[in-house]
Structures are given as C-alpha cells and as structure tokens.
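Thanks for asking me to look this one over. Here are my notes, written to be read with the model open beside you.

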Amino acid sequence: MTALETPLLDQVSTPADLRRLKESDLSQLAAELRAELVDAVSQTGGHLGAGLGVVELTVALHYVFDTPNDRLIWDVGHQAYPHKILTGRRDRIRTLRQEHGLSGFTRRSESEYDPFGAAHSSTSISAGLGMAAARDLSGGRNNVIAVIGDGAMSAGMAYDAMNNAGALDARLIVILNDNDMSIAPPTGAMSAYLARLASGRTYLGLRDVGKKLTAYLGKRMDRAITRAVEHARGYVTGGTLFEELGFYHIGPIDGHNLEHLIPVLKNVRDNADGPVLIHVVTKKGKGYAPAEEASDKYHGVNKFDVVTGAQAKAPANAPAYTRIFAESLVREAREDDRIVAVTAAMPSGTGLDLFGEAFPQRIFDVGIAEQHAVTFAAGMAAEGLKPFCAIYSTFLQRAYDQVVHDVAIQKLPVRFPIDRAGFVGADGPTHCGAFDVAYLAPLPDFVVMAAADEAELRHMVRTAAAYDEGPIAFRYPRGNGVGVEMPERGSILEIGKARVMREGSKVALLSLGTRLRDCLLAAEELGAAGLSATVVDARFAKPLDEDLIRRLARAHEVLVTVEEGSIGGFGSHVLHFLAAQGLLENGLKVRTLTLPDAFTEHAKPEKMYADAGLDCAGIMRTVFAALGREIRAARA
C-alpha cells in the first residue's frame, strides 16, 4: 500500500463492504484491523489478547457468511472487538467499556450483528442450537455459527449442547478456537489439506451413506456403517470425540492463515447439512509482541503504551481486596493443613495463584465449571477438609443448585470467598455482583458476611477457616481497600455480631459492606445539621444481630440499611425481622438503600454508586426525605 492509497479498513463499514474486497486483499485488511485493535484498546483498556488471536478468523467468517442474516455468535465476547470494528462500530471503538460507550461484550441491543449477548462462557452452542431449531421450524435456510474457545469447552453446558445438537442432527457450525497450542508449519500445511478434503462434498456425502441405507438395512446396520465411515476418517483427520457426540469434525487448521480458513468455511457453508465442528488453532495475542510474550497473553489490560506495551498502573495506595484475601488465606493455611483452595479457571482473578505458589498440592483449578467446583468442594468438606471455593459473585450464580442441594441441605462447611461483590465498573451488568446476598441468605444455616474494609476481610478469612458448623460465605468488592491499619493475622469474629462504629440518638445507619465509610461521612454531615447518628457495621447479613437491631429500632426515629446488593438482600431480612417483632408499629421510619432494581450499565464504580444513591450524599438525601425535611448541610 502506497502513501496515497486508502487503507482497506477505511473502505469497510459493514461486512457487506468486506465481501466486496478481493480475497487477495484480506491479509492486508487483517493487518490493518489488528493495528486498529491495539491502538483502540491502548486507550480504553479491556480484553486484548483474545481479540488479537481471532483477527483472521473474524475477517474470514464475515467474508464467507452473509452476516447478519447468517447468525454469528461469539462465546464469552472477550474476543469480539475485531467483530465490532467490522460491523459498523469502528467510530465508537474507543468508547469501549466507558460510560455511555460500547460494551466490552456482545450485546443484542447494540447491533444487529450481535444476535446473542454474552459475557459468561460456554453459552454459544446452546444459543446457536436454539436459533437453528427456530430457523428450521420457520423454514429458513440461513447459517448459524457459534465460536467457542478451548477453555469454554471445558464447561459441561457446552457438551450438553453438542450432545443435543448431535441428537437433533441440526445444521449448526461450531468453530472451536483453540488458542492453547501451536501448529508447526509442516503439520499446519498437511492439516489444511486434510481439512479442505474433509470439508468437501465427497467426504460430507460419505457421512450420509449410513442414513441413505437405513430404508434397506435397518437402523442397527445404519449405525454400524455410519460409525465405520466416521472412525475410518478419524484415523486420517482425528476428532472421534466430537463425532461420538454427532458432529462432523474438521481440522485442526491454522486460524491465522486465510488461504486455509476460507476454503474450509466455504465448503462447510455450501455442503454441510448437519452439525459440524471446525477445529481452528490460533495464538492468543497474535501480532503484538508484548501480548504474545505475556504469560496471560494480555487477557485483560489497563490502558497501555503501544510501543512498549507498558500498562498504566493504578495509584499505589491501599492493597487490593483480592490480594488481601489471598495473603490471609495463605496465612491461615500455614496453620491448618486441612485448608484447600478451589477455583473455576480464575486462579489469578481470585488471587489463588498466590495460594498455589505457597501450596501447589492444595489448590485445584477445575476449569470453567462452577457447578462442578461447588460439588467438588462439598465432597472435600464431607471428608474433613476445609475447602475455600473462590468464585466471583456473578459466576457463582451458575452453580446455585449445587450450593443449595450439595452444600446447604447437607450443611457441609464449604467456605465461599465471593469476589467482585457490588458494582464492577467497566465490565457492566453481566459481571455486577448484585445478587449473592439475596440468593444465599435465604438458605437455612448459611452464614453470610460482608467486609467493610480490608482489615475486616482478613478477620473474615480467619473466621471462615475456624467455622465448621456449616456453609459460610464472605463477600468483598473489586479494587483497592481504604487504607486501614492491618492486623498481621485476622481475629475470629463472633458469628452474627455487628460492631457499633459511632453512637447517636436520632438516626441509625446500618451498613453491610464497604458503604460503611460513606455512612460514617454521612453521620458527620448529619451531626453538622443537628441530627445525631449511630453507625453500625452489620458484618453479617445472616444471622442478623437481632439484639442490636432491636435496640436501634427502639432508640432512633429513622433506621436506614445500606448495602451493595440487590433488593431482597440484607435490607429485606432486616425489614422481615422488624415486622415480625412488631417494631414497625411505633412510628419508626425505615428505609433500605440497595443497588437499583435494574441491570446497570458500565461506568466508573464511584459514579455508579453515586447514581444509585449509595454515597454520602445519597444517604443524607434518604435520611432527610424520611424526616420530611430539606437538606441543610451545604457539604452534601
């Protein structure tokens, strides 16, 4: 390309524009797309490595298939940034994960090219199969393509979907994006040849031989012939595992070689009449040296310098809650060799990589399989170990049946460290930790705690380690603590006991979690306005400190509960107790501050809490509104 030529990417606003290019131009387009991706994410932060790994695959899929009429579903969505650039969103790509900007994941409301919203893994095949079934019922002929990574394929849901697709013999294309291995050039060339051969009309026709003979030979002989054909091909191309699930398997092929990819995709588009799996091998972080060399392949990054790859660092103040949890757990594990740690493919995200360094034989990464993680931990607890099953709040939702049936009913002492409680900022509604208190606290004999600061988190780790009477959970947010003085080791908290931080007489602020600091600030402002305020750190959503709540209700005119969770959580339990005790009948004014009853869009967490009325100013507004008075404190 000369200096006077228009970049190809500037000629592509939609996939229809892409399909007008010559096939020989696609490699140049991919190079320009990769450069645009790096530049954009350097300004916004986000999930870079996965997108870099699928640049050629994204170009090939939109070139071969008639999107959006053909449905293209990206599992998780971490890798969808190149897709967004090619589907009419390039002018907004530098708003990724910013307030009022593009989502970091696929989203139906954002574009017709996003037929299914994502963010949690392993859903694409199920969604794609549902779309294929709907298409067949309506007599349509469009293609449905689900792109899923090798990590996401570790989840049982993916295999449930593949088994169902095979049983239905649905016309569905699954792209297995395998970025955990590499192909040497000779293998890649041979693999590409075999993939073209296997995806051609002749081999695809062989797959139907058994079916066509059914009328003459019966179903038993049909099954024998079909399996014989597939196993014979398996000796040449591999893939019998997927074929046992009913899929025609093609590959592996080099996912960065457009000359290999495009013929195979065209063959499958034109000839396949059942479920097909194309095994594509890519390199995470491909084409950007700092990402290729990083141990996590730049999975998630802050803003960074494009030339050096150096990421912008957060201000060095208080340590992150995740690290405090990990260090505290390591400290407890040195004292008790029954402590073990379980993670569902998130060792670094949960801080358990530190635990693994200290105790490599006592950490278990089960893959993207939260349901299995919980029941696996339950089995350990049944045998006398002390499992800490560390799962993000939003991901623990995927294992709720196991929490109820395999842990709570059996009253097994599984410990649940719940990271990312409350708003998470740029990751938006799919990762917001809103519901864990509401879904755990109703369970009988389940202890639920929330840390107000990093010192409290350390206490809760030790408390959980010492608690053997049943399941116990403790939640804490993403980000850094508030800089409190830290004990060397946590203390064991008395179960169900809150702590009074400040005594007053008119207003009681009952806080669960890290809104405690805003409650203390609000109490100062209320005092300046002539309203004496008590502030309590509840510590426990279950069991409640009933004696203290009873005292607060009798001694104050206004009682406000404050939490970083949804309606139905801590405040609801407090209201239930007050009603049952008849404490709402003497003029007590109760207000519950929670996260909004909505899926809140991404923004900076401090802005999200302010908009939700969970900051100092919002707490004060609630108090004055309960009293029917105007706010008089200028600082609010």
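The points below cover one helix, the cysteines, several salt bridges and a helix pair.

1. A word on the source before anything else. What you have here is a predicted model, so please read every distance and accessibility below as a value computed from that model.

2. Let's start with helix H22. This helix runs over residues 516-528, 13 residues in total. From the first C-alpha to the last it reaches 19 Å, close to the 18 Å expected at 1.5 Å a residue. Just after H22, glycine 530 takes a positive phi of about 85°.

3. Which residues of H22 are buried? They are Leu516, Asp518, Cys519, Ala522, Ala523, Glu525 and Leu526. Both Asp518 and Glu525 are on that list, in case you want to look at them on screen. The cover over the buried residues of H22 includes four strands, namely E12 (499-502), E13 (507-512), E14 (533-537) and E16 (558-563), along with helix H26 (616-627).

4. Now the cysteines. How many disulfides does a search of the whole structure find? The count is zero. Cysteine 519, from the buried list of H22, is a good example to check. Its relative accessible area is 0%, and the closest cysteine sulfur, in cysteine 616, is 9.1 Å away, too far for a bond. A pair would have to come within 2.5 Å to be counted as a disulfide. Cysteine 432 is buried too, at 11% relative accessible area.

5. The structure holds 41 salt bridges, and I picked out three. In one of them, the side chains of arginine 90 and aspartate 10 meet at 2.7 Å, N to O. This pair links distant parts of the chain, 80 residues apart: arginine 90 is in the loop between helix H5 (81-89) and helix H6 (124-138), while aspartate 10 is in the segment before helix H1 (15-18). Arginine 90 counts as partly exposed at 26% relative accessibility, and aspartate 10 is also partly exposed, at 43%. Both residues belong to a network of salt bridges that links Asp10, Glu36, Asp39, Arg90 and Arg94.

6. Another salt bridge joins the side chains of arginine 19 and aspartate 66 (3.5 Å, N to O). Arginine 19 sits in the loop between H1 and helix H2 (26-44), and aspartate 66 in the loop between helix H4 (55-64) and strand E1 (71-74), so the pair ties together parts that are 47 residues apart in sequence. Arginine 19 is partly exposed at 25% relative accessibility, as is aspartate 66 at 39%.

7. Are the partners in the salt bridge between aspartate 427 and arginine 97 buried or exposed? Aspartate 427 is buried, with a relative accessible area of 13%, and arginine 97 is buried at 12%. Their side chains meet at 2.7 Å, N to O. Aspartate 427 lies in the loop between strand E9 (415-418) and helix H20 (436-440), and arginine 97 in the loop between H5 and H6, so placed that 330 residues separate them in the chain.

8. Last, a helix pair. The axes of H4 and helix H13 (residues 258-271) come within 10 Å and cross at roughly 35°, and the crossing is right-handed. On the H4 side, the contact is made by Glu56, Leu57, Ala60, Leu61, Tyr63 and Val64. H13 contributes Leu258, Leu261, Ile262, Leu265, Lys266 and Arg269.

How values were computed: Residues numbered from 1 in each chain as written. Predicted model: local features only at pLDDT ≥ 70, side-chain atom pairs only at ≥ 80, totals over all residues. Heavy atoms only, no water. Helix = DSSP H or I, 4+ residues; strand = E, 2+ residues; numbered from the N terminus. Expected span 1.5 Å × (residues − 1). Buried < 20%, exposed > 50% of the residue type's maximum accessible area, 1.4 Å probe, protein only. Contact = heavy atoms within 4.5 Å. Salt bridge = Lys/Arg side-chain N within 4 Å of Asp/Glu carboxyl O. Axes fitted to C-alpha atoms, helices over the stretch in contact; angles between N-to-C directions. Left-handed = near helix turned anticlockwise from the far one by under 90°.
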